[in-house]
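Work through the exercises below with the sequence and the model side by side. Each task is followed by a stepwise solution.

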Amino acid sequence: MAMSQQSGILHQGATEERGENARMASFVGAVAVADLVKSTLGPKGMDKILQSMSRGQEVTITNDGATILKSIYVDNPAAKVLVDISKVQDDEVGDGTTSVVVFAGELLREAEQLVNAKVHPMTIIAGYREACDCARGVLETGAFSHAPDTEAFRQDLLNIAKTTLSSKILTSDKEYFANLAVDAILRLKGSANLEAIHIIKKTGGTLHESFLDEGFILDKKIGVGQPKRIENAKILVANTPMDTDKIKIYGARVRVDSMAKVAEIEAAEKEKMREKVRSIISHGINCFINRQLIYNLPEEMFADAGIMAIEHADFDGIERLALVLGGEIVSTFDDPEAVRLGTCKLIEEIMIGEDRLIHFSGVALGEACTIVLRGASSHILDEAERSLHDALCVLKETVSDSRVVYGGGWPEIRMARAVEELASKTPGKKALAMEAFARALRALPATICDNAGLDSADIVATLKAAHGADPASRMGVDVVRGEAGDMQELGIFESFRVRQQVLLSGTEASEIILRVDDIIKCAPRQRG
């Protein structure tokens, strides 16, 4: 320990851990995080309740790896690396967030054994690198694509969506939601703009009552005395204050010698407002959507002109609304020529449950659609939204890169076999690292079995034998029947992009943590 009590180089209160201690801390932290999300992997994975300790004490119930890791507060630097890769996985491909963390954790667990057996970390990294390249090659040869054949491709997409949803809350209605998600994605016609798919959550009803609506639904009511239905709408989307018809003089001193003067100021304010409304009406619109409040006077004027005015359109929604309607958000109204108005064929009020919403149909961006989720409670809806978002992301990736692989641990077993063959031909200690890599790959199907309460050793051995006997085998874990099954028949497919990202990110993360041999923590500056 004498080394870590520094010889006066580091500032007082700073600590340093070197060599073995630093490595131990990294391994322990990373493996702990992996074990935390491990139980959520696979169709029979469990959920976690996350309760925040802030005032609201909000509760989140989820089994989405990225959501869990985003919400927990981690103090271990190695654990933070794993949290980051799950975030990247979520942003890149949307699914496989748990897999990537579990895989990286297993690689580190294996590395720890090797380091204790006096294998140098750099040797392990070199072995992992080669094993990763080999595995990636196997994954690419195992992938197939049905993009030219629309029917078969749609079936692939459906299967991928079902596989993604089967580990989520929507698993009971996965047929239904897989269809929803595939319809929404195919409407995009290959443009990977998920912004055009709007998800609205409305409590009440059951998950099965969710539906996909073509067009755009805005969660707002139509104002009093305004037309409830507009055909061939010309829409001005704005972000401007419409509340100056009352005197609002904050923090300014105004000296007047009589009340009449106050009335004059008020009249001037009103006149200003009237001017503004007139210039808005001069655009020749019949619907005005504002991100901010609209006060009584302008609302009256709009109603008189037969214009529908919608105030306080939700914050993110307004960007999306402008995109979908093909207009632009405006804040000055002096030059009607320069303004791009949005258009749609019909605006009307619809009822969902007890709530009234505004429905825009026949919008300029033809691919736009809205998914309305119904469910018993807000927790269920939040989790359903997360699950659906994952499915949409994976489908989006598959549409842009149409390669598909079988799921259910099939790719991992296959890659592990190839890596072991490579290891048997590799001289030196690197071979040990390669074997460790293969064991880490097999840990994924094993975890899927464990979470379903099956005998993982037995099933993984069966799979290993099946793939050994027939390199073209399609066997993977069939969780429902609790045995090895044919992935083609069961329709368990995954996106090639997702599996590849899991492989690469997991390997890189473990490599980064393995390179560490020194952790320096600086003491915070004392405030005088």
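**Exercise 1. Find the residue in β15 that stands opposite Phe-144, then place the pair in its sheet.**

Solution. Step 1: Phe-144 stands opposite Val-404 in β15. Step 2: β4 and β15 (residues 403–406) pair in the antiparallel sense, over 2 bridges. Strands here are DSSP runs of E, at least two residues long, and helices are runs of H or I, at least four residues long, numbered from the N terminus. Two strands pair if DSSP finds at least two bridges between them. Step 3: the open sheet has 3 strands, ordered β4-β15-β18, with antiparallel pairing. Step 4: β4 (144–145) and β18 (493–495) are the edge strands, each pairing on one side only. Step 5: helix α6 (residues 150–165) packs on the sheet, touching β15 and β18, and its direction makes about 90° with that of β18. Helix α16 (residues 496–514) also packs on the sheet and touches β15 and β18, at about 65° to the direction of β18. Axes are lines fitted to C-alpha atoms, for helices over the stretch in contact; angles run from 0 to 180 degrees between N-to-C directions. Contact means heavy atoms within 4.5 Å.

This is a predicted model: local features need pLDDT of at least 70, side-chain atom pairs count only at pLDDT 80 or more, and totals for chains, interfaces and linings use all residues. Residues are numbered from 1 along each chain as its sequence is written, and side-chain values use heavy atoms, with hydrogens and water left out.

**Exercise 2. Which strands pair with β9, and in which sense?**

Solution. Step 1: strand β8 (residues 229–238) runs parallel to β9, joined by 4 bridges. Ala-238 stands opposite Asn-290 in β9. Step 2: strand β10 (residues 308–310) pairs with β9 in the parallel sense over 3 bridges. Here Cys-287 stands opposite Met-308. Step 3: check the side chains of β9 (residues 287–290). Cys-287 and Ile-289 point one way, Phe-288 and Asn-290 the other way, and all are buried. Buried means under 20% relative accessible area, exposed over 50%, and partly exposed in between (1.4 Å probe, protein chains only).

**Exercise 3. Describe the hairpin of β16 and β17.**

Solution. Step 1: β16 (residues 475–478) and β17 (residues 483–486) pair in the antiparallel sense over 4 bridges. Step 2: the bridge partner of Gly-476 is Gly-485 in β17. Step 3: 4 residues lie between the strands, and Gly-482 takes a positive phi near 75°.

**Exercise 4. Is Val-138 buried or exposed, and what does Val-138 touch?**

Solution. Step 1: Val-138 lies in helix α5 (residues 121–142). Step 2: its relative accessible area is 14%, so Val-138 is buried. Step 3: leave out residues up to four places away in sequence; Val-138 then touches Arg-414, Met-415 and Ala-418. Step 4: in α12, buried residues include Arg-414, Met-415 and Ala-418. Step 5: test the length of α12 (residues 410–424). At 1.5 Å a residue, its 15 residues should span 21 Å; the end C-alpha atoms are 22 Å apart, which agrees. The expected span is 1.5 Å times one less than the number of residues.

**Exercise 5. Is Glu-106 buried or exposed?**

Solution. Step 1: locate Glu-106 in helix α4 (residues 97–116). Step 2: its relative accessible area is 9%, so Glu-106 is buried. Step 3: beyond four places in sequence, Glu-106 is in contact with Lys-38, Ala-440 and Ala-443.

**Exercise 6. Which helix gives the most to the largest nonpolar core?**

Solution. Step 1: the largest nonpolar core has 126 residues, and Ile-235, Ile-347, Phe-360 and Phe-437 have the most contacts inside it. Such a core is a set of buried Ala, Val, Leu, Ile, Met, Phe, Trp, Tyr and Cys residues joined through side-chain atoms within 4.5 Å. Step 2: helix α13 (residues 430–451) gives the most to this core, with 11 residues. Step 3: the core draws at least three residues from each of domain 1 (15–144 + 406–521) and domain 2 (216–365). Domain bounds come from an automatic or database domain assignment. Step 4: outside its neighbours within four places in sequence, Phe-437 has contacts that include Phe-103, Tyr-128, Val-419 and Leu-503.
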